[in-house]
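Student: I'd like to learn how to read a fold, piece by piece. Could you walk me through one?

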Amino acid sequence: MSCAKYEFSDALLCHDDELEGRRIAFILYLVPPWDASLGGTLDLFSVDEHFQPKQIVKSLIPSWNTLVFFEVSPVSFHQVSEVLSEEKSRLSISGWFHGPSLTRPPTYFEPLIARSPHIPQDHEILYDWINPTYLDMEYQAQIQEEFEESSEILLKEFLQPEKFAEVCEALERGHVEWSSRGPPNKRFYEKAEQSQLPDILRDCMALFHSEAMFLLLSNFTGLKLHFLAPSEDEPEDKKERDGASAAENTEEGTSHSSSEPENSRGATSDSSLQSDGPTDPEEDEAKKESSVPTCQGELRHWKTGHYTLIHDNSKTEFALDLLLYCGCEGWKPEYGGFTSYIAKGEDEELLTVNPENNSLALVYRDRETLKFVKHINHRSLEQKKSFPNRTGFWDFSFVYYE
């Protein structure tokens, strides 16, 4: 057993307590006078047909010298809701009684999210949308150099100001259909229904799916995301010729980051860009023969209470993460909502990406790197003082695969 002290904005997100031998969980509350308005409730979840948590069905308010206990099982999902009191602390002693483990159902694996190759799109889309600074070839070469050094980069003022303003206006206008994404032991945020998006938001999604963007990202990162992008194993002079022809064929330039990387370690567990992919020779050969660059993406809304978690069956692979943030003026790190990268099996962060308006974050991760979005706490409601009609922020989140 151990003692836990929860103070303002502290929470314990959805989990089931299942570890070898745990059979009964217990909590002894040592709290001052407490009610539901102070948060800190013990919330119990129902489960779906896959034994995944579904929704809160019971909330227990902590009370002095009260003992709560429950059976630890494959369906014992629970959480401690965020403490909302700035004066009172939620103190408790908790632990487990151990015994023979229960038989667990087979591990449930979620259906894979569909990936798609690029959408054929004229290069003019880049000139319509992207800050011209980032369409200059010399700047692109500088970006690639920085990116290959650290595996990550932040490109500020990425979209043209008028386009970015239109995107933000469409998001704030509220004509977007949002659906909640779960289950809560893995994630909780809102995702836009793409078929119902206003035209400007649909066009922005199309930008990130476009062939021109795949090639531009190749130029930014050195990754093989387009057939015109030079390969790592090609001679330098051929790379230069291909790079030039890529620009000529698409009339696009490339660009320089207007900000230094926040953390030069990047988000690969060995701190180096591994754009040549897996080290297994047969897998490498198969990849060269059959791989077509693909991506998946969504428009997300983040507000108080939202988060993602690292879970046991996270599939990790080589990938390029892209995030474009909207509506986060005045957002502070203490609110949460930042994306954190860690090495598998380690607690130390490799990299933190904070929400920043009209900034494009690119992060390359390997098979030993995991990520999560930090729980957004009630401090984030301070945003309403400056923006009364604003609830949280939005991001365009894409993942690209060579």
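Tutor: We'll go from the whole chain to a helix, then to strands, and end with some single residues. Keep in mind that this is a predicted model.

Student: Fine. How many helices and strands does the chain have?

Tutor: There are eight helices and 19 strands. Of the 402 residues, 50% count as buried. The accessible surface comes to about 19,600 Å², and carbon and sulfur atoms account for 51% of that.

Student: And what share of the contacts join residues at least 24 apart?

Tutor: Take the contacts between residues at least 6 apart in sequence: 83% of them join residues at least 24 apart.

Student: Let's pick a helix. What span does helix 3 reach, and what is expected?

Tutor: The idea is to set the end-to-end distance against a rise of 1.5 Å a residue. Helix 3 covers residues 161-173, which makes 13 residues, and it reaches 18 Å from its first C-alpha to its last, close to the 18 Å expected.

Student: Which residues of helix 3 are buried?

Tutor: Here "buried" stands for under 20% relative accessible area. In helix 3 that applies to K163, F164, V167, C168, A170 and L171. They sit on the same side of helix 3, because the arc they cover around the axis is only 160°.

Student: What covers those buried residues of helix 3?

Tutor: The cover includes two helices, helix 1 (124-129) and helix 4 (199-209). It also includes strand 10 (178-181), strand 12 (294-302), strand 14 (319-326) and strand 19 (393-401).

Student: What follows helix 3?

Tutor: G174 does, and its phi is positive, near 90°.

Student: Strand 19 was in that list of cover. How many of its residues are buried?

Tutor: Nine of the nine, so strand 19 is largely enclosed by the rest of the structure. Look at both faces: F393, D395, S397, V399 and Y401 point one way, W394, F396, F398 and Y400 point the other way, and all are buried.

Student: How do I read the pairing of strands like that one?

Tutor: Strands of a sheet pair through backbone hydrogen bonds, and the pairing is either parallel or antiparallel. Strand 12 and strand 19 run antiparallel and are joined by nine bridges. To find that pair on screen, start at H301, whose bridge partner in strand 19 is W394. Strand 14 also pairs with strand 19 in the antiparallel sense, over seven bridges. There, L324 has F396 as its bridge partner.

Student: In what order do the strands of the four-strand open sheet come?

Tutor: The order is 2-7-4-5, with antiparallel pairing. Strand 2 (12-15) and strand 5 (53-60) are the edge strands, each pairing on one side only. Neighbouring strands of this sheet are turned by 20° against each other on average, direction ignored.

Student: Where can I get my bearings in strand 4 and strand 5?

Tutor: Strand 4 spans residues 42-47 and pairs with strand 5 in the antiparallel sense over five bridges. A handy landmark is D43, which stands opposite S59 in strand 5.

Student: Now backbone angles. Which residue in the loop between strand 4 and strand 5 should I check?

Tutor: Try F51, which has its place in that loop. Its phi is near 65°, a positive value in a residue other than glycine. F51 is partly exposed, at a relative accessible area of 40%.

Student: Is S151 buried or exposed?

Tutor: Buried, with a relative accessible area of 0%. S151 lies in the loop between helix 2 (137-150) and strand 9. Its phi is positive too, about 70°, although S151 is not a glycine.

Student: Where is the cis peptide bond?

Tutor: From G182 to P183, with omega near 0°. P183 is in the loop between strand 10 and strand 11 (187-192).

Student: One last residue: what does V373 touch?

Tutor: Leaving out residues up to four places away in sequence, V373 touches W302, Y307, T308, G337, F338 and T339. V373 belongs to strand 18 (residues 369-373) and is buried, at 6% relative accessible area. For a long-range pair, look at V373 and L309: they are 64 residues apart along the chain, with their C-alpha atoms separated by 7.1 Å.

Definitions and conventions. Residues are numbered from 1 along each chain as its sequence is written. This is a predicted model: local features need pLDDT of at least 70, side-chain atom pairs count only at pLDDT 80 or more; totals for chains, interfaces and linings use all residues. Side-chain values use heavy atoms; hydrogens and water are left out. The expected span of a helix is 1.5 Å times one less than its number of residues. Buried means under 20% relative accessible area, exposed over 50%, partly exposed in between (1.4 Å probe, protein chains only). The arc is that of the directions from the helix axis to the C-beta atoms. Contact means heavy atoms within 4.5 Å. Two strands pair if DSSP finds at least two bridges between them. Axes are lines fitted to C-alpha atoms, for helices over the stretch in contact, and angles run from 0 to 180 degrees between N-to-C directions. Accessible areas come from the Shrake-Rupley method with a 1.4 Å probe; for residues, only the protein chains shown count as cover.
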